[in-house]
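Opening the notebook on a new chain today. I want the overall make-up, then the sheets, then a single residue.

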Amino acid sequence: MILICIILLVSETSGTLNNESQLTPAFRLTNELLDGYSKWQIPILEDGQSTTIDYQLRFRNVIQLDQVSQMLTSLVSISEVWRDPRLSWIPEDYEGVSQIRLKPTSIWTSDVILYNNGDLNTGIRYGVSVKVRRDGTLRWSYPMLLRSPCLVKVTYFPFDTQSCPLTFGSWTYPAERLNLSNTLSEEEAKKTFQENGEWNLMSLKGKTVIQTDLYSYNTVVITAVIQRRYDYYLVNLIVPFVIIVMLMALVFLVPVESNEKIGLGVTTQLAMVVYLLIVSSMMPSTSSEIPLLGIYFMGSIMIVAATLVVSVCVINIDTVNITELRKPLPRFIRSFFLQKLSRFLAMGDLTSDPHRLREKLKKRSRKSDKRGGNGVKNPAFVMETLEASKVQDMGQQMQYNSRYINSQISHNTNVSTENNSKETTKSSQKHPPQQSTIDPRPFVIEPPHIAIEPPHNAIDP
């Protein structure tokens, strides 16, 4: 029995020696490095300095920039590089092995997180292996989905540029124990960026900032500057709205008799309101900044509203009876619309005042005489034109007076007829019915026919 036990013990010992001789050098190296290794202890360098981590961030894509909630969702690739003297070895002792891979759960890793994290479900580091070199340098590269606040500036929407900072730092180790740095160049950080349909990555700059609270913490602030691609908004939002505003000018060309002035104006204004609602739904609910595009939309709606008011006034003037116009056009309105505004619109002077025309002809004749020429080649024709315009104005005024008198006579006749009918019903037996003494026939004043002979002398300048 004792002999059998000795034989079994010898066989097990020889098997174990054979298995150890069959292990790879990398496996033996890993077992020896992790034997007695404490992953809860931060690496201590030979000179007693704090552990330095080179924190490198490469931007991969902009997933979404929610302008209403002002949150940026991005996909990045992060690399952490530090040195741990406990994980160094001599390659010749392990058949020239100079690099191995270890699980991040088996060694010490930093607790660097995103300070301005907007979602607890993002910013998680995935279990990617850590590369370990022979001198104890470790490199841990992993992808990360970030969701961070980003103050959206909407003044120049959709031609805007946004700046979104990302702040990384240790949650427990102060600056005396853990130091963060960023040595990655901007060109290298932008190489991995994938083309986005809405945003372009303009710059990606990183800097080290020490934040002082109860303790001093070393942080790395990486600022991503992104620019919006405005082609979509230009084709689907701005150009259609400008066309609608230009169509609003056609309201003044629509005849009053068609009864479509107000309908066209209201339809155009409703379309503008819809576009304004689309823009407001894209913007954050803040009063700090108002987009210039929204101001333009609101101003256009106000202009359209003013156009509707003018159209209503035009329709009212067109439908009112001319006999109800008791007063002539005020002088300042006549001067503003028929002289100043008409000149501004390159329509010339629209007034038909013969005295003003006479003064113009005299001034032109004086200028021509000073130059040695004749300003008016046919003065008789000019005088005939002036006198004819006078007669035309007199005829128009007399026709207006005639219509006004006829309207007053008709009004008095109707009033007298109503009074006589009332009195007749009250005293039909005692008094005979009264008849109106006013002739109901309209009193028409014909304009005089003035024969004008053209003078045979020139205008005296």
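My entries below go from the whole chain down to one side chain.

**Ground rules.** I'm working with a predicted model, where local features need pLDDT of at least 70, side-chain atom pairs count only at pLDDT 80 or more, and totals for chains, interfaces and linings use all residues. Residues are numbered from 1 along each chain as its sequence is written, and side-chain values use heavy atoms, with hydrogens and water left out.

**Whole chain.** I looked up the secondary structure first and got 9 helices and 10 strands for the protein chain. These are DSSP runs numbered from the N terminus: helices are H or I with at least four residues, strands are E with at least two. Next I checked burial: 31% of the 461 residues in the protein chain are buried. Buried here means under 20% relative accessible area, exposed means over 50%, and partly exposed is in between (1.4 Å probe, protein chains only).

The protein chain exposes about 30,100 Å², and 58% of that comes from carbon and sulfur atoms. The areas are Shrake-Rupley values with a 1.4 Å probe; for residues, only the protein chains shown count as cover. I also pulled the contacts (heavy atoms within 4.5 Å). Of those in the protein chain with a separation of 6 or more, 74% are between residues 24 or more positions apart.

**Six-strand sheet.** How are the 6 strands of the open sheet ordered? I read β3-β5-β6-β2-β1-β8, with mixed pairing. Two strands pair if DSSP finds at least two bridges between them. β3 (99-102) and β8 (178-181) are the edge strands, each pairing on one side only. I get an average twist of 30° from one strand to the next. For such angles, axes are lines fitted to C-alpha atoms (for helices, over the stretch in contact), and values run from 0 to 180 degrees between N-to-C directions. Zooming in, I found 4 bridges between β3 and β5 (residues 130-133), in the antiparallel sense. Arginine 101 has lysine 131 in β5 as its bridge partner.

**Four-strand sheet.** There is also an open sheet of 4 strands, antiparallel, in the order β4-β7-β10-β9. Its edges are β4 (112-114) and β9 (199-212), each paired on one side only. Here the twist averages 20° from one strand to the next. I counted 3 bridges joining β4 to β7 (residues 161-170), again antiparallel. Leucine 114 is bridged to phenylalanine 168 in β7.

**One residue.** Is aspartate 231 buried or partly exposed? I get partly exposed, because its relative accessible area is 46%. Aspartate 231 lies in helix α4 (residues 231-247). From aspartate 231 to proline 158 I have 73 residues in sequence and 9.1 Å in space, C-alpha to C-alpha.
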